[in-house]
Amino acid sequence: MAGPAIFLIALFVIVPFIFAIGLSFTNQRLVSPNPAQFVGVDNYQQLLGVATLTLDPVRDAAGALVRDEAGAATYPALRGYTRKNPDYPGLDGMREWFSFTLGEARTFVLAKDVVFMTAILNTVVFVLIVAPAQGGLALLLALLINQKLRGINLFRAIYFMPVVVSIVVVSLLWRFIYDGNSGLLNNLLAFLSFGTFRPVDWLGTKETALGAIIVMSIWQAVGFHMVIWLSGLQTISPTLYEASAIEGASKWQTFRYVTWPGLRNTAVLILIVITMQAFGLFSQIDVMTRGGPLDSTQTIVFQAVQRGYGKQDISGGSTISVILFAIVLSISLIQRWLTREKR
Amino acid sequence: MANVALTGLKKSYGPVDVIKGVDIAIEDGEFVVFVGPSGCGKSTLLRMIAGLEDISGGTLSIGGRVVNDVPPKDRRIAMVFQSYAIFPHMTVRENVAFGLTIAKMPKKEKEAKVAEAARILQMEHLLDRRPSQLSGGQRQRVAIGRAIVREPAVFLFDEPLSNLDAALRVDMRMELAKLHQDLKATMIYVTHDQVEAMTLADKIVVLNAGVVQQVGTPLELYHSPANLFVAGFIGSPKMNLLPVTVEGVTSSSVTVGSPDLGVAMLPFRPGAVVVGDQVTLGVRPHMLGLGAGTRLPGAVQLVERLGNETIAMLRLKSGQEITAALGGDQPIRVGDRIDPGFAPTAAALFDTAGIALTRA
């Protein structure tokens, strides 16, 4: 009886999963006349290779610092170390990710793949902001609409509406809202500030692009999590609220002692679901910014798709997928461990 | 400690009246039981006293203070729910201390009170457990403990024993009676179980369809039910109710007749009853005996032997079935014809409207 189901799950879930892991150890390309070769962990090294290099500032013959026009110390060119330098074989092919100065010496953090590092960083920032903000906002909405009021279903429907609309459509619409010239947001801000606000190209500016996508993403899925919170709220027995009312609990105390403990399992679920979804950030990026401007909205999944299909480097894309899997798995396990029921 | 007075208390949900004007006076330290069939409004009434339901009309006062619009926490009440309503994520100790934690009582004082409540309820050994590790009876004990530490003027119990199994219910019932003796607090108790009502109450309030049917001590209700509803509701097995015709009245007696009964003169004041009225004769199964008295002959249909008594179901001449609870182990069998009798002074007589006549 379970045969067809097992077959389909195997075909569409288990086989691709194993395939991805397998491909990540080869140099397979999507369309290539050459047979794939086993390359070991080369792909992983290419993506995750990170090293540091500490350089002393350049000094002239007298030992004084050589300064540029702005008066800052200058350092030897990194190229000298990362391009076929036999003394530094480990740094070959790396590029500067970022650097910091301790005393006079400057430490350069180098990465084999700076774009991928940026993608990981952006994704982590996205998750760290979206998970608490979206979860918290959804809980707030759920508490608001968990009342017996006339027309409360209308509010439930309104908050849930963005969830029903495809994320691609939502992203397209928000591109108009964020438009740099006559976007809704710019017009609104200009109106509220009596015209003193200077229009910003929200998606075209390095500093605001990721923030804009974060705000839109929170708005889009908050209704979904609101519904999950709501179902959690409705499993709490009304007599517990009555008991706490008789005991004299204030609104906040009722939330703290009755509602929140009753939502424990829901909270764990929501946290894990939001985290997973946030790590999978792709559609918004693909529609709104395509990773730009200046890689400020690169994400892990977007990189996986770009490499696997855009650049036909399916083994590179697979490797990114496997890395993402490892990240999400370990975060889920940590979350479960942190939120376990203490006995 | 406080008395509770309900005066013309009403509750309606939109156009539907659930409580239709209830007047009850509850003395300080009294154990009052509200009893009635499901949906009679007894729980609603209790929840109105607790402050969990608004009052649509009339006044409610606790300790001489009108509390219609006072929030539950300021009514000096504590409530024990049928579903226990103890917090699943807290230990027993935290549950019992909940109200004190809310009131930000100093830790030492709080612990002393919890220890005292635990001692009264004999659950010191349970204090560090969680509700999931407790049996139903223990959970209800925790809920009662939470009520005790509040030192309320009035305890409210909403069918507290209904979720327990039969044996435990009897134990807890006795413990509640003991608790009332120890604390001497006013207690209001809602149940649909008349045994609980009879055993616990100083005063029983019988409710039906949002109207008080009778208020009285358990034995008053048993021996002198005010109307047919109370007569049928209190007592197990149920009172036998026989249709009879009035054949004669004097100032202190009513003579009734029916094919089953023949003619019997009963010592009741006739009131408005006149010759020819169709009235109802009530005879409790336990009032019937195989000795002398007014006879009700019939054929035995069913025999239940309980050892201390024998319950026989009889079919009378008219085809009506009655129950007789005969003392001891009686050698009767299905098909036997017996004629148990009752003392006319022990019977009850209800007029055409179902209201009891007073005994002469």
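Domain bounds are those of an automatic or database domain assignment. On that basis, chain A of this predicted model is divided into domain 1, residues 50-111, and domain 2, residues 115-338. The centres of domain 1 of chain A and domain 2 of chain A, taken over C-alpha atoms, are separated by 40 Å.

Two pairs of helices in chain A may be followed in turn. Two packed helices are described by the angle between their axes and the distance between the axes.

The first pair to be considered consists of helix H5 (residues 152-164) of chain A and helix H8 (residues 206-234) of chain A, whose axes come within 7 Å and cross at roughly 120 degrees. Angles of 65 to 115 degrees count as roughly perpendicular, those under 35 as roughly parallel, those over 145 as roughly antiparallel, and the rest as oblique. H5(A) and H8(A) are therefore oblique to each other, and their crossing is left-handed. On the H5(A) side, the residues that meet H8(A) are Tyr159(A), Phe160(A), Met161(A), Pro162(A) and Val163(A). H8(A) contributes Trp219(A), Gln220(A), Ala221(A), Gly223(A), Phe224(A), Met226(A) and Val227(A) to this meeting. By character, the residues of the contact of H5(A) with H8(A) comprise ten nonpolar and two polar, with no charged residue.

The other pair joins helix H1 (residues 3-23) of chain A to helix H14 (residues 314-338) of chain A; here the axes come within 8 Å and cross at roughly 115 degrees. Because of this angle, H1(A) is roughly perpendicular to H14(A). The crossing of H1(A) and H14(A) is left-handed. From H1(A), the contact draws on Ala20(A), Ile21(A) and Leu23(A). From H14(A), Ile314(A), Ser315(A), Ser318(A), Ser321(A) and Val322(A) take part. The residues of the contact of H1(A) with H14(A) divide into five nonpolar and three polar, and no charged residue is present.

Attention may now pass from the helix pairs to the contact between the chains. This contact takes 14 residues from chain A and 16 residues from chain B. On the side of chain A that touches chain B, the elements that give two or more residues are helix H9 (238-246) and helix H10 (251-262) of chain A. H9(A) gives the most to that side, with six residues. The residues of the side of chain A that touches chain B comprise eight nonpolar, four polar and two charged.

Key:
Residues are numbered from 1 along each chain as its sequence is written. Chains are lettered from A and ligands numbered from 1 in the order in which they are written. This is a predicted model: local features need pLDDT of at least 70, side-chain atom pairs count only at pLDDT 80 or more; totals for chains, interfaces and linings use all residues. Two residues are in contact if their C-beta atoms, placed from the backbone, lie within 7 Å. Helices (H or I, at least four residues) and strands (E, at least two) are DSSP runs, numbered from the N terminus. Ala, Val, Leu, Ile, Met, Phe, Trp, Tyr, Cys and Pro count as nonpolar, Asp, Glu, Lys and Arg as charged, and the others, Gly among them, as polar. Axes are lines fitted to C-alpha atoms, for helices over the stretch in contact, and angles run from 0 to 180 degrees between N-to-C directions. A crossing is left-handed if the near helix is turned anticlockwise from the far one by less than a right angle, and right-handed if clockwise.
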